[in-house]
Amino acid sequence: MNIAGHLPQMAASRPEMLAVASSDGRGGFRRWSFERLENESNAIAHGLEARGIRRGVRTVLMVPPGPEMFALTFALFKVGAILVLVDPGMGVKKLGICLAEAKPEAFIGITKAHAARALLGWGRATIRKLVTVGPRLFWGGVTLKGLVRGMADKGARAPEVFEPDETCAVLFTSGSTGVPKGAVYTHGIFEAQVALLRETYGIEPGEVDLATFPLFALFDAALGMSAVVPEMNPTQPAKADPQKILHAIDTFGVTNMFASPALVHRIARHGKKLKTIRRAISAGAPASPPILQLFQLLLPDGAEIHTPYGATESLPVSTIGSAEILGETAAATAQGKGVCVGKPVRGMSVSIIPISDEPIASWETIGSLPTGEIGEITVAGPVVTRTYDNSPESTALAKIVDKDGVVHHRMGDVGYLDDCGRIWFCGRKAHRVETPEGTLFTAACEGLFNSAHEVYRTALVGVSKGGKTIPVLCVQREPAPEGFSTYWSEDSDGIPSGDRDDWIRGGLLYLGQTQPHTARIQTILFHKSFPVDTRHNAKIFREKLAVWAAKQLR
């Protein structure tokens, strides 16, 4: 078993088919066929082995999405190196901690990444082998061009063969609720993910994928899809230019697109029809029903936007389409009942257990909660990672093993199951607000307020005041349409712009009184732009908002 085995199969069956295209920054695209991608990855694989990067060698890859990243990834998998993927947008301090924890022996990156590594001391204790994609400056090692020189003549490099439970990669979480952790991926997990994605969404060979999220794009070759990388910064999807996204879709007739909720919002507000899209997939955080409804209007008949539920440690867990959301579950979300994330996909089982912040030694010592009761979401199945890399404490906190050896992953989320077996997400466990009157769950409260006019999103945080925790609702207003400096003017409906926040606050307080669990939220603050994660620009850093809110109240 080796995920890299899908590439030579595609190169043999569809050699001329587009494998990957990426923006050249000038309105055009660089294009590689599957045959070329296979040949380039073979040459790189031979070069890596010649430099001592082979089976079992932990290797950091910091190269932006494009043909070289795809070729390097498959080459590393072919030789059996353990790929270490760290999100460069998490910040230099966290990045350094991650690399120290992963103990990599090799580092492959662009010039900028190597300069940061050398100057900041990333992996200094363990990294000995260096490959630079682009100009090499004062550090040692070899350039990618030097690595592959003379290697094309060596021909094909058959992928190494692995058992399903052998380590393939270490993928770090975004760290949105703490220090990023390295989830250990096996070859079996990767193969299970490919099978589940193909089956769940009906993906067929020959389709074209808009690759806006590098990690998901690595599955494209295994799924038989062409990957099209648009001109955008993958760590800032909320700032992507919709025109450039649409240019890529139109140029290649994109049929599938993966987009964070922030990018879905950008495209939806742009308003141009997406004539070739068969399906859109949005993950990273719940997408608001109003945005889903706006985006759905842009899709052809029969096409949907799907919102899978999962995490780096387990993906996918469940999925739900926009037709079911807009036709049924959105109404419950607007009443403060949480966000429905659908039924578990084939092979995945979900249980709701009592909320705890402590390790749980054995599955048999706990019991599942009844239908409709909010608790901690746990999952088990073929895509669940068993451990975190070099972090037994984190593993003990997040994993529960049953008597049969099955690992149940604690998602770090709270929610419940309904009578139909669907999962309802009520927020992150770490973000629950404990008040003297009871516990408030973020998503279960925010869904009510997010339905209000002129509200883009809200975030519930707890602030200590007078010796007790009070709930505070932070509000980000809907941004102005393109070409308008403010969303409303005095002439629009007679309410002066300066008084708008007070007017919205009053409406939100009235809305909160309609549900018992939101009635105790009496403090509302307006924030210009929420701090969010760099991976999806959608996960709200509530810890930072809580600090800001405390300062505002003082």
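This briefing describes a sheet, the helices that pack on it, and a patch on the surface. The model is a predicted one. Its sheet is open and has 7 strands with mixed pairing, while a nonpolar surface patch of about 560 Å² involves residues including L137.

**The sheet**
- The 7 strands of the open sheet follow the order β2-β1-β11-β10-β12-β13-β14, and their pairing is mixed.
- Because β2 (29-33) and β14 (304-306) each have a single partner strand, they stand at the edges, and one side of each is left without a neighbour in the sheet.
- From one strand to the next, the twist averages 15°.
- Strand β1 (residues 18-23) and β2 run antiparallel and are joined by 5 bridges; the bridge partner of S23 is F29, which lies in β2.

**Helices on the sheet**
- Helix α3 (residues 67-79) packs on the sheet, where it touches β1, β2 and β11 (226-229), and the direction of helix α3 makes about 30° with that of β2.
- Helix α12 (residues 289-296) also packs on the sheet, touching β12 (256-258), β13 (279-281) and β14, and the direction of helix α12 makes about 145° with that of β14.

**The nonpolar surface patch**
- The residues V92, L119, L120, L137 and F138 make a nonpolar surface patch of about 560 Å².
- One of these residues, L137, is placed in the loop between β6 (129-133) and β7 (142-143).
- L137 has a relative accessible area of 52%, and because exposed means over 50%, L137 counts as exposed.

Notes
Residues numbered from 1 in each chain as written. Predicted model: local features only at pLDDT ≥ 70, side-chain atom pairs only at ≥ 80, totals over all residues. Heavy atoms only, no water. Patch = residues over 30% accessible without salt bridge, like charges linked within 9 Å, V, L, I, M, F, W, Y side chains within 5 Å. Areas by Shrake-Rupley, 256 points an atom, 1.4 Å probe, with all protein chains shown as cover. Salt bridge = Lys/Arg side-chain N within 4 Å of Asp/Glu carboxyl O. Helix = DSSP H or I, 4+ residues; strand = E, 2+ residues; numbered from the N terminus. Buried < 20%, exposed > 50% of the residue type's maximum accessible area, 1.4 Å probe, protein only. Pairing = 2+ DSSP bridges. Axes fitted to C-alpha atoms, helices over the stretch in contact; angles between N-to-C directions. Contact = heavy atoms within 4.5 Å.
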